[in-house]
Amino acid sequence: MYYQSQTLIFHNGKFTQAHQAGAHLYSQSLHYGIGVLDGLRAYKTNEGPQIFKAFEHYDRFLRSAQKIGIQIPYTLEELVQLTYRLLDRNHLDSAYIRPLAYVGANMELETSSETHLMIAAWPWENFRGKEPLDVKISSYQRLHPKSVPMEAKITGYYVNSVLAMNEAKQAGFGATLLLDGQGFVAEGAASNFFYEKEGCLFTPPAGNILPGITRATVFDIAAELGIKVIEKLFGPEAVYQADTAFFTGTASEIAAIKSIDGHPFPKKWKDTMAAEIQRKYHQRVLLRDYDHYSII
Ligand code: PMP
């Protein structure tokens, strides 16, 4: 699914065949979850493949690495250029892109100074499909910001996401929503959360979440459309009474939610402001923001 016999990845300084690349079984990342990842998307546009907000993603990647003491020997510009070369070498014009920094063999509890970098890309359509989701509020809490830096995107954090997702799937739901340690809504397994009520959008503030790049894009689009976005803490009851809700993330883009814990939302997705934001988001990633303006 992720690679074929000819697929190339960038690994430890060179382009190499994905099926031949390997990592050390004694890697500290494998044992203790100390690694950094990010997820980007390239879109096929009239101007060729365009990675949406590539600099923002790699900036987060470098900052995340710094937070946990992983040294990445590449600049922001080099990482972006390498990724365009990777797409080119694999003849991909739309793809999901996964950079991963992991560290060397070390069983001590201090970040290893040996860094390995891989960047892979594969065609990955919006994996949640287009159907609005039935969401379960997780019994697992989102990680506490006093335990780990929540603004960083670290491999080990996804144990929490996988457990929450397993639980939701086993109960017949399509996705999960996690609360923070105080019972306020935090975020999805790999996405941020918004709800819409009486013409406003509400979303949890930074602190207990990864403040996503798609989330920031929604703020921009909402401002352009004159829609107010309120960042505040709220519990599940506020969400049960919403008009609609959605997840945001690079992989899932803007994913409509149909119900939370069996409470269906009253508005049809297509009648919401959120649907308009979703439409604008698709135009933006395809560089078609200005399509509706005619050039005189
Ligand atoms: N929260 C978590 C936990 C995530 O893994 C992601 C995906 N990176 C997001 C939010 C959304 O972030 P972004 O919009 O930058 O992809």
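This is a short selection-by-selection walk through a predicted model.

**Stop 1: strand β11**

Start by selecting residues 192-197, which make up strand β11. Five of these six residues are buried, so the strand is largely enclosed by the rest of the structure. Now add residues 200-203, strand β12: three bridges join it to β11, and the two run antiparallel. Look for Lys197, which stands opposite Cys200 in β12. The hairpin of β11 and β12 has two residues between the strands, and there Glu198 takes a positive phi near 45°.

**Stop 2: across to β14**

Keep β11 on screen and bring in residues 244-249, strand β14. What is the sense of the pairing between β11 and β14? It is antiparallel, over five bridges. To see one pair of partners, show Phe194 and then Phe246, its bridge partner in β14.

**Stop 3: on to β15**

From β14, a hairpin of three residues takes you to β15. Select residues 253-260 for that strand; seven of its eight residues are buried, so β15 too is largely enclosed by the rest of the structure. β14 and β15 pair in the antiparallel sense, over five bridges. Pick Thr248 and you'll find its bridge partner, Ile254, in β15.

β15 has other partners to show. Colour residues 133-141, strand β8: three bridges join β8 to β15, and this pair runs parallel. Here Val135 stands opposite Ile260. Next, add the two-residue stretch 263-264, strand β16, which is joined to β15 by two bridges and runs antiparallel to it. Ile260 turns up again, now with His263 of β16 as its bridge partner. Between β15 and β16 the hairpin has two residues, and Asp261 takes a positive phi near 50° there.

**Stop 4: two crossing helices**

Hide the strands and select residues 213-225 (helix α5) plus residues 273-285 (helix α7). At what angle do the axes of α5 and α7 cross? Roughly 110°, and the axes come within 10 Å. That makes α5 roughly perpendicular to α7. The crossing is right-handed.

Turn on side chains to look at the contact. From α5, the residues that meet α7 include Thr214, Thr217, Val218, Ile221 and Leu225. On the α7 side you want Glu276, Ile277, Lys280, Tyr281 and Arg284. By class, the contact has six nonpolar, two polar and five charged residues.

**Stop 5: Leu117 and its neighbours**

Go to Leu117 in strand β7. Is Leu117 buried or exposed? It counts as buried, with 4% relative accessibility, under the 20% cut-off. Leaving out residues up to four places away in sequence, Leu117 touches Phe10, His11, Asn12, Phe61, Tyr74, Leu79 and Leu100. For a distance label, draw C-alpha to C-alpha from Leu117 to Val103: 8.6 Å in space, for 14 residues in sequence.

**Stop 6: Ser112**

Val103 is also a contact of the next residue to select, Ser112. Ser112 is in the loop between β6 (95-103) and β7 (115-122). Even so placed, Ser112 is buried, with a relative accessible area of 6%. Beyond four places in sequence, Ser112 also touches Gln28, Gly104 and Asn106.

**Last stop: Glu77**

Finish in helix α3, residues 76-89, with Glu77. Glu77 is partly exposed, at a relative accessible area of 44%. For a final label, join the C-alpha atoms of Glu77 and Val185: they are 108 residues apart in sequence and 36 Å apart in space.

Conventions: Residues are numbered from 1 along each chain as its sequence is written. This is a predicted model: local features need pLDDT of at least 70, side-chain atom pairs count only at pLDDT 80 or more; totals for chains, interfaces and linings use all residues. Side-chain values use heavy atoms; hydrogens and water are left out. Buried means under 20% relative accessible area, exposed over 50%, partly exposed in between (1.4 Å probe, protein chains only). Helices (H or I, at least four residues) and strands (E, at least two) are DSSP runs, numbered from the N terminus. Two strands pair if DSSP finds at least two bridges between them. Axes are lines fitted to C-alpha atoms, for helices over the stretch in contact, and angles run from 0 to 180 degrees between N-to-C directions. Angles under 35 degrees count as roughly parallel, over 145 as roughly antiparallel, 65 to 115 as roughly perpendicular and the rest as oblique. A crossing is left-handed if the near helix is turned anticlockwise from the far one by less than a right angle, and right-handed if clockwise. Contact means heavy atoms within 4.5 Å. Ala, Val, Leu, Ile, Met, Phe, Trp, Tyr, Cys and Pro count as nonpolar, Asp, Glu, Lys and Arg as charged, and the others, Gly among them, as polar.
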